[in-house]
Amino acid sequence: MIDPALTKLMWLLMRGGLRQVKRLLKTPSGALTAALMIVVFGVGMLPSITVGFTRPEAIPTEFASILLFGVPVLMYLATTTLVLTDSGKSLLELRPPELQFVLAGPFSNSQILSFRLLTLALGRIPISFFFAIFLLAHFGSFVGAFLGIFLGGALITLTSFLYTLLVPRFDRRIMMLVRLLLVIGAALITADTAYHVLRNDNVISLESLQSALAECRVAHVLTIPFAPFGNLMMSDSAMAIGRYAGGSVLSVLACLAACYLSNSGFAELAVEGVARR
């Protein structure tokens, strides 16, 4: 699916980035910054790591209950934001070093798209690892949290990619209708959640927000595609992780397949940003 030359380019870019970090760490300011970051993140993450790995059994926290219903809502809102801001276009664009190599070779749209997706996936791994550790005390398990964050981020990114790839294929009015429906959905979720918060308790708190998200039927319906990811993050058994991970992977693969089927103009989109700058 990806040309070996593009795989080598990805490896060379990674090595180049590591060399830059190494050179930076050799300078006094770079070494001091790295030491401060390690201390700050270490102190901030140590309580979460201790609670997450030493608790005898998964005891859901109040914040964890919010995450169970809130993660699908956040994913829906993030997807809506990326679509409305056309962020998929900027994410698809190649950087100048990548562009010079890609344009010089006979690569297909699918191969270039695979290269872009793999580079984004590799960059998402450390981010998913960090948040899985940082919020481990509220998740069911580290494995479920890491997979849920990684796959959830992948689905959001792929959805924005798909919208960008479909824009040239469909009439402008159809794509505007899609954007309008997403905005209406976000407004309905916000209004329904606010209604339940105010009905249950005039004071906004974690408890009232948890109750509102659990009772918000509009959110439950509109966020059905994102529900497995929230359940995956909260799963604490191998069977539950496997079940929800399977559903999450199927959603990502379906969106990925749609991107490949709609990538006829990807090469032009990939170079458009560099030409514009």
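This is the transcript of a short group-meeting presentation on one predicted protein model.

Good morning. The structure on the screen is a predicted model, and I shall take it from the overall fold to the side-chain contacts and then to the surface.

I begin with the fold. The protein has 13 helices and zero strands. The pattern along the sequence is accordingly an unbroken run of α elements, α-α-α-α-α-α-α-α-α-α-α-α-α. Of the 277 residues in the protein, 38% are buried.

Let me turn to the aromatic residues. The structure holds five aromatic pairs. One of them joins F129 and F142: the ring centres are 5.5 Å apart and the planes stand at 80 degrees, so this pair is edge-to-face. What does this pair connect in the sequence? F129 belongs to helix α6, residues 109–134, and F142 to helix α7, residues 142–166, so the contact ties together parts that are 13 residues apart in sequence. Both partners are partly exposed, F129 with a relative accessible area of 45% and F142 with one of 23%.

A second pair, F146 with F150, has another geometry. Here the rings are stacked, with 6.2 Å from centre to centre and 10 degrees between the planes. F146 and F150 are four residues apart in helix α7, which means that about one helical turn separates them. Taken together, F129, F142, F146 and F150 form one aromatic cluster.

While we are on helix α7, I draw attention to T157, which is also found there. T157 is buried, at a relative accessible area of 9%. Its C-alpha atom is separated by 9.8 Å from that of L92, and the two residues are 65 residues apart along the chain.

I come now to the salt bridges. A search of the whole structure finds two. In one, the side chains of R179 and D86 meet, at 3.5 Å from N to O. Where do these two residues lie? R179 is in helix α8, residues 172–200, whereas D86 is in the loop between α3 (62–84) and α4 (87–92), so the pair ties together parts that are 93 residues apart in sequence. Is R179 buried or exposed? With a relative accessible area of 18%, R179 is buried, because the limit for that class is under 20%. D86, at 33% relative accessibility, counts as partly exposed.

D86 deserves a further remark on its backbone. Most residues other than glycine have a negative phi. D86 is not a glycine, yet its phi is positive, at about 55 degrees. Thus one loop residue, D86, carries both this positive phi and a salt bridge to R179.

The other salt bridge is formed by R173 and D171, whose closest N and O atoms are 3.0 Å apart. R173 counts as exposed, at 66% relative accessibility, while D171 counts as partly exposed, at 36%.

Finally, the surface. I will describe two patches, one charged and one nonpolar. Which residues make up the patch of positive charge? R15, R19, K22, R23 and K26 gather there on the surface. Among them, R23 has its place in helix α1, residues 4–25. With 51% relative accessibility, R23 counts as exposed, because that class begins over 50%.

The nonpolar surface patch covers about 720 Å² and is made by L177, L180, L181, I184, L188, V221, L222 and I224. Which helix gives the most to this patch? The answer is α8, with five residues. Both α8 and α10, the latter spanning 217–222, supply at least two residues each. One of the contributors, L188, has its place in helix α8 and counts as partly exposed, at 45% relative accessibility.

Helix α8 has therefore come up twice, as the home of R179 in the salt bridge to D86 and as the element that gives the most to the nonpolar patch.

To review the main points: the predicted model has 13 helices and zero strands. Four phenylalanines, F129, F142, F146 and F150, form one aromatic cluster. Two salt bridges are found, including the one between R179 and D86. On the surface there is a patch of positive charge that includes R23, and there is a nonpolar patch of about 720 Å².

Thank you for your attention.

Conventions: Residues are numbered from 1 along each chain as its sequence is written. This is a predicted model: local features need pLDDT of at least 70, side-chain atom pairs count only at pLDDT 80 or more; totals for chains, interfaces and linings use all residues. Side-chain values use heavy atoms; hydrogens and water are left out. Patches are made of residues with over 30% relative accessible area and no salt bridge: like charges are joined within 9 Å, nonpolar side chains (Val, Leu, Ile, Met, Phe, Trp, Tyr) within 5 Å. Accessible areas come from the Shrake-Rupley method with a 1.4 Å probe; for residues, only the protein chains shown count as cover. A salt bridge is a side-chain nitrogen of Lys or Arg within 4 Å of a carboxyl oxygen of Asp or Glu. Lys and Arg count as positive and Asp and Glu as negative; His and the chain ends are not counted. The place of a charge is taken as NZ of Lys, CZ of Arg, CG of Asp or CD of Glu. Buried means under 20% relative accessible area, exposed over 50%, partly exposed in between (1.4 Å probe, protein chains only). Rings of Phe, Tyr and Trp (its six-membered ring) pair if their centres lie within 6.5 Å; planes under 30 degrees apart count as stacked, over 60 as edge-to-face and the rest as tilted.
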